[in-house]
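Welcome to a short tour of this structure. Take a moment to look it over, and then we will walk through some of its charged pairs, its inner space and a few single residues.

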Amino acid sequence: MTSVLLIFGSSNVGKSTLAARIQAALGWDVQSTDVIARHPGRPWPEVRDQVAEYYSSLNDETIYWFLRVHHENMWPHIQHLIAAALNGGAGVVLEGSALRPEYVAEMSHSHLSAIGLHADEQFITARIKAKSQYSQLNPARQMLIDKFLNRTLRDNAEVFESASRLGLPLINVANSEQLDWFVENLKLQNQL
């Protein structure tokens with residue numbers, strides 16, 4: 001029986017949405033790694049000066065490198081969150097892009113399970129452009145969104161590759177039936 005579920009995946013792939021569904025279905029507590037730190041944040045709806053400077057002054061490779069270093073630095077704090085959740089005994093969903101597959105694969109506990117979320121590039125691109133109201137932005141703001149989008153697409157591909165290689169379960173969020181099945185199966189497992 002699972003008492004702690006880790007949901008990993010790139011930014012904007014639907015981790016918070018799935019966590020909310022599980023909370024509604026099972027009454028579990030939801031925690032996000034974003035409360036520890038966000039790096040540096042989405043460049044919408046409002047853009048702080050430091051976020052605009054970050055995306056406009058760095059190339060895509062450096063932006064992604066900083067994201068990975070940020071996740072690595074967060075991992076010790078996340079391990080404490082996981083340990084506390086396991087010691088609490090009640091159902092907890094911990095979600096966040098800092099839950100890297102390579103770190104999650106090292107975790108082993110009889111009451112801990114993990115699921116990764118991914119989607120194709122078109123799905124993620126459409127989602128980010130809709131959420132950011134991309135078509136209504138000026139070219140300078142669109143460039144910031146493009147940089148964030150490039151980072152997210154690369155992360156999505158690397159999460160998928162890493163999770164597949166490590167044998168971690170994945171759900172394509174564009175397939176609502178997979179999401180429905182996962183939530184129903186989790187409910188059944190925890191009713192036994």
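Helix α6 holds both E161 and R165, four residues apart, about one turn of the helix. In this predicted model, the two are joined by a salt bridge, with the closest N and O atoms 3.1 Å apart. E161 is partly exposed at 42% relative accessibility, while R165 is exposed, with a relative accessible area of 55%.

That pair belongs to a wider set: the whole structure has nine salt bridges. Side chains of opposite charge can pair when their charged atoms come close. Here are three of the pairs, with the N to O distance for each.

| Salt bridge | N to O distance |
|---|---|
| E161 and R165 | 3.1 Å |
| R100 and E102 | 3.6 Å |
| R100 and D155 | 2.5 Å |

R100 appears with two partners in the table, E102 and D155. Is R100 buried or exposed? R100 has a relative accessible area of 1%, so R100 counts as buried. D155 is buried too, at 2%, whereas E102 is partly exposed at 21% relative accessibility. R100 sits in the loop between β3 (92–95) and α4 (101–104) and D155 in helix α6, so their salt bridge ties together parts that are 55 residues apart in sequence. Both R100 and D155 also belong to a network of salt bridges, whose other members are E61, R68, E102, R154 and E158.

D155 leads us to the inner space of the model, as D155 is one of the residues that line the largest cavity. Rolling a probe the size of a water molecule over the atoms shows where empty space is left. The count comes to one cavity of 30 Å³ or more, and the largest cavity holds about 40 Å³ of space. Its lining is made up of S10, S11, L67, H71, S97, R151, T152 and D155. Which elements give two or more residues to this lining? They are α3 (60–88) and α6 (139–166), and α6 gives the most, with three residues. By type, the lining residues divide into one nonpolar, five polar and two charged.

Two more residues round off the tour. H77 lies in helix α3 and is partly exposed, with a relative accessible area of 47%. Along the chain, H77 and A140 are 63 residues apart, and 35 Å separates their C-alpha atoms. N190 is found in the segment after α7 (176–189). N190 counts as buried at 18% relative accessibility, and its side chain reaches the backbone oxygen of L186 at 2.9 Å.

Technical notes. Residues are numbered from 1 along each chain as its sequence is written. This is a predicted model: local features need pLDDT of at least 70, side-chain atom pairs count only at pLDDT 80 or more; totals for chains, interfaces and linings use all residues. Side-chain values use heavy atoms; hydrogens and water are left out. Buried means under 20% relative accessible area, exposed over 50%, partly exposed in between (1.4 Å probe, protein chains only). A polar contact is a pair of N or O atoms within 3.5 Å; within protein, one must be able to donate a hydrogen and the other to accept it, and residues adjacent in sequence count only if both atoms are side-chain atoms. On a 1 Å grid over the protein atoms alone, a cavity is a set of points where a 1.4 Å probe fits but cannot get out, and a pocket is an open set with protein on both sides within 12 Å along at least five of seven lines; lining residues have an atom within 4 Å of a point. Grid points are joined across faces, edges and corners, and a volume is the space filled by probe spheres set on the points. Ala, Val, Leu, Ile, Met, Phe, Trp, Tyr, Cys and Pro count as nonpolar, Asp, Glu, Lys and Arg as charged, and the others, Gly among them, as polar. A salt bridge is a side-chain nitrogen of Lys or Arg within 4 Å of a carboxyl oxygen of Asp or Glu.
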